[in-house]
Amino acid sequence: MSVTVYIPCDSSAVSLGANRVANAVAQEAKNRGIEINVVRNGSRGMYWLEPMVEVATEKGRIAYGAVKTGDVASLFDADFLNGGAHALNLGLTEEIPYLKKQQRLTFARVGITDPVSVEDYVAHDGYRGLKNALSYSQADVVKHVSDSGLRGRGGAAFPTGIKWNTVLNTPSEQKYIICNADEGDSGTFSDRMIMEGDPLVLIEGMTIAGIAVGATQGYIYLRIEYPHALEILNKAIENATAAGYLGDNINGSGKTFHLEVRQGAGAYVCGEETALMESLEGKRGLVRFKPPLPAISGLFGKPTVVNNVISLASVPVILDKGGEFYRDFGMGRSRGTLPLQLAGNLKHTGLVELAFGATLREVLYDFGGGSATGKPIRAVQVGGPLGSYLPESQFDTPLDYEAFAEIWAVLGHGGIVAFDETVDLAQMAKYSMEFCVEESCGKCTPCRIGSTRGYEVMDEIVNKRDLDKNIPLLRSLCDTMLNGSLCAMGGMTPYPVLSALNHFPEDFGVKV
Amino acid sequence: MTEQKTMMQTVQTIVADLKDKPGALLPILHAMQNSLGYVPPETVPTIAKELNLSRAEVHGVISFYHYFRDHAPGKKTVRICRAESCLAMGGKDLESHAKKTLGIDYHETTADGKFSLEAVYCLGNCACSPAIQIDNDVYGRVSNTDFDEILKEQSA
């Protein structure tokens, strides 16, 4: 019997040479006349160990990492196909503390299965949620999602059940499900990992959403920067359709759900749900006024559910095990788990799915292992480019939507970017304004003009010119952007800017 | 003239294939950029006519999105991530090194037509910063030396 070897097809693993390693392993096996079965899985999310090669043994999967092509011959010499000893042997994958300490619900299958195999997906508890959903009434499906306490994982944390309920109760011949896969926040990659590592969980989540609210068409709006995800999603959709899980008569239930992937074109603002819908309609990605809410008048004027990848990918486990099960994880009003993404200057970057409530410090040090450079971590930006910078004194804040709101910060999509002491926060604030200039859709003045003026003022400030005049000017400008912008683009750019100024005034030349 | 003819044929085939999709304009522009490398301005009137839009509307969409271009790029496009995670890991140095090595700034193409340089705001490779992308290939933890080697490999 041939041994199964797992080598990720995840694009981050590929960016570190996973394809070359996969080729080298196949070639070496051939040269030695050994038959092996190579599965290109998703990543387990321990990126400092990628490319990580796993071998299926009787005891369980044994991991080796980080593997370079030059290590392949010696791995065969060490009999790695039977879990042999080698300098890169990491032991049983499931026992690696980074993974073992996590609570993986949404990411339960990522790295374990062949991403595009429906058979593998079903063998690992896939499509159990859909099966339940098909036996419930529409209102009961929505009730499970409401009971779970799931809030939008894209960043806004709006209760998913309320959104679904509104669409369910808005009569229309045509309704839509949109998956927002325009994951543009720096420091985030959990959507990408799901789409590349377990796309069927997203497809199942969207199908359940469609059945729940009565929508027959779904779109995944995928950012152009993710070409690998596009390929894998399309293959998974094709396979799910062939297996009868998508199409006109899902599993013989008589229900219909069609799914199509549409690519964005490099506009960050299209991650905002109304700009996204404009883009899907073939227009410039300009933000719409609300109301009307997308749930009442969304894509092409029809009732539309717009949910983030992680929100939708969390639905199958909720429908499988029940809303109560999911709700039992977490703290306060933040229920369930949040897949955190550790990025930037950290030793152990990767994906950590935890119930809400752990502190930022635990995540940075117990999981992240401190900075990659070995210097103290000075600042951490949580929640993407529109999230606040947190100083060391705030590292004990629990990861909870409300606790973060209290310190004028956001959890957003769960991205955590660490900086060591070499960071200049005034430069970062200037960058935030520059990013807003670059990405503003231009519809509202506070964002369009405010960001340009903000960039100019920050340029004065980093050159230490007229600080007595420019610092108050920056604050006043941020106030206008915060209160006058149409969406989070202009409305939240002040978060990184003002948090940098408030917590690190010395970088702005302000005497403390 | 033949080149022009092929271009217009390509456009017509693409538009005929895709125009009945709901919200067809972006899929059409993507298909054009995939086959031609850019969206030639002379094709705008055809697209507009077929979709029953004004030329201004089509032009407005092309110019709104960073990804669409109205002129031919180099053979390959190098995208350097400028976002925070990469900045935390020396992205700024890599950016200057790339500009210096290629001898061009963003939105420019090398004299030999091999490479165009573009900025990108996050490749989702933040666990392996700094990151770059050349066409569809993503590279992580890129040092200046790595960059030179990647460039050599991609020039071959």
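**Exercise 1. A sheet in chain A**

Let us start with a pair of strands: strand β6 (residues 176-181) of chain A runs parallel to β9(A), and 5 bridges join the two. Keep in mind as you work that this is a predicted model. Your task: find the order of the strands in the open sheet of chain A, and say which helix packs on the sheet.

*Solution.*
Step 1. Pick one bridge to get your bearings: Ile178(A) has Val306(A) of β9(A) as its bridge partner.
Step 2. Extend the pair to the whole sheet. It is an open sheet of 4 strands in chain A, in the order β8-β7-β6-β9, with parallel pairing.
Step 3. Look for the edges. β8 and β9 of chain A are the edge strands, as each of them pairs on one side only. From one strand to the next, the twist averages 20°.
Step 4. Add the helix. Helix α13 (residues 309-321) of chain A packs on the sheet, where it touches β6 and β9 of chain A. The direction of helix α13 makes about 95° with that of β9(A).

**Exercise 2. Unusual backbone in chain A**

Find two cis peptide bonds that precede prolines in chain A, and a residue with a positive phi that is not a glycine; place each in its loop.

*Solution.*
Step 1. Recall the background: most peptide bonds are trans, and most residues other than glycine have a negative phi.
Step 2. Go to Pro51(A), in the loop between β2 (36-39) and β3 (53-57) of chain A. The bond that leads into Pro51(A) from Glu50(A) is cis, with omega near -5°.
Step 3. Move on to Pro291(A), in the loop between α12 (273-280) and β9 (304-308) of chain A. Here the bond from Lys290(A) to Pro291(A) is cis, again with omega near -5°.
Step 4. Turn to Asn251(A), whose phi is positive at about 50° although the residue is not a glycine. Asn251(A) sits in the loop between α11 (227-242) and β8 (258-263) of chain A.
Step 5. Check its surroundings. Asn251(A) has 15 other C-beta atoms within 10 Å, so it is partly exposed.

**Exercise 3. The layout of chain B**

Describe the build of chain B, from its elements to its domains.

*Solution.*
Step 1. Count the elements: chain B has 7 helices and 5 strands. Read from the N terminus, they run α-α-α-α-β-α-α-β-β-β-β-α.
Step 2. Divide the chain. Domain 1 of chain B spans 2-64 and domain 2 spans 76-155. Their C-alpha centres are 29 Å apart.
Step 3. Take the dimensions. Along the principal axes, the C-alpha atoms of chain B fill a box of roughly 50 × 35 × 20 Å. Of its 156 residues, 35% count as buried.
Step 4. Check the confidence. Chain B has a mean pLDDT of 96, with 99% of its residues at 70 or more. The model scores ipTM 0.97 and pTM 0.98.

**Exercise 4. Strands and a loop in chain B**

Which strands of chain B run parallel or antiparallel to β3(B)? Then find a glycine and an arginine with a positive phi.

*Solution.*
Step 1. Take the parallel pair: β1 (residues 76-81) and β3 (residues 115-120) of chain B are joined by 6 bridges. In this pair, Ile80(B) stands opposite Ala119(B).
Step 2. Take the antiparallel pair, in which 2 bridges join β2 (residues 108-109) of chain B to β3(B). Thr109(B) has Ser116(B) as its bridge partner.
Step 3. Look at the hairpin of β2(B) and β3(B), with 5 residues between the strands; Gly113(B) there takes a positive phi near 75°.
Step 4. Find Arg141(B) in the loop between β5 (137-139) and α7 (144-155) of chain B. Its phi is positive too, near 45°. Because Arg141(B) has 19 C-beta neighbours inside 10 Å, it counts as partly exposed.

**Exercise 5. Where the chains meet**

How many residues of each chain are in contact with the other, and which element of chain B gives the most?

*Solution.*
Step 1. Count both sides: 35 residues of chain B are in contact with 46 residues of chain A.
Step 2. List the elements. On the side of chain B that touches chain A, α2 (25-36), α4 (55-64), α5 (84-87) and β5 each supply at least two residues. α2(B) gives the most, with 4 residues.
Step 3. Sort by type: this side of chain B has 23 nonpolar, 10 polar and 2 charged residues.

How values were computed
Residues are numbered from 1 along each chain as its sequence is written. Chains are lettered from A and ligands numbered from 1 in the order in which they are written. This is a predicted model: local features need pLDDT of at least 70, side-chain atom pairs count only at pLDDT 80 or more; totals for chains, interfaces and linings use all residues. Domain bounds come from an automatic or database domain assignment. A residue is buried if 20 or more other C-beta atoms lie within 10 Å of its own, exposed if 12 or fewer, and partly exposed in between; C-beta atoms are placed from the backbone. Two residues are in contact if their C-beta atoms, placed from the backbone, lie within 7 Å. Ala, Val, Leu, Ile, Met, Phe, Trp, Tyr, Cys and Pro count as nonpolar, Asp, Glu, Lys and Arg as charged, and the others, Gly among them, as polar. Two strands pair if DSSP finds at least two bridges between them. pLDDT is the predictor's confidence in each residue, from 0 to 100. Axes are lines fitted to C-alpha atoms, for helices over the stretch in contact, and angles run from 0 to 180 degrees between N-to-C directions.
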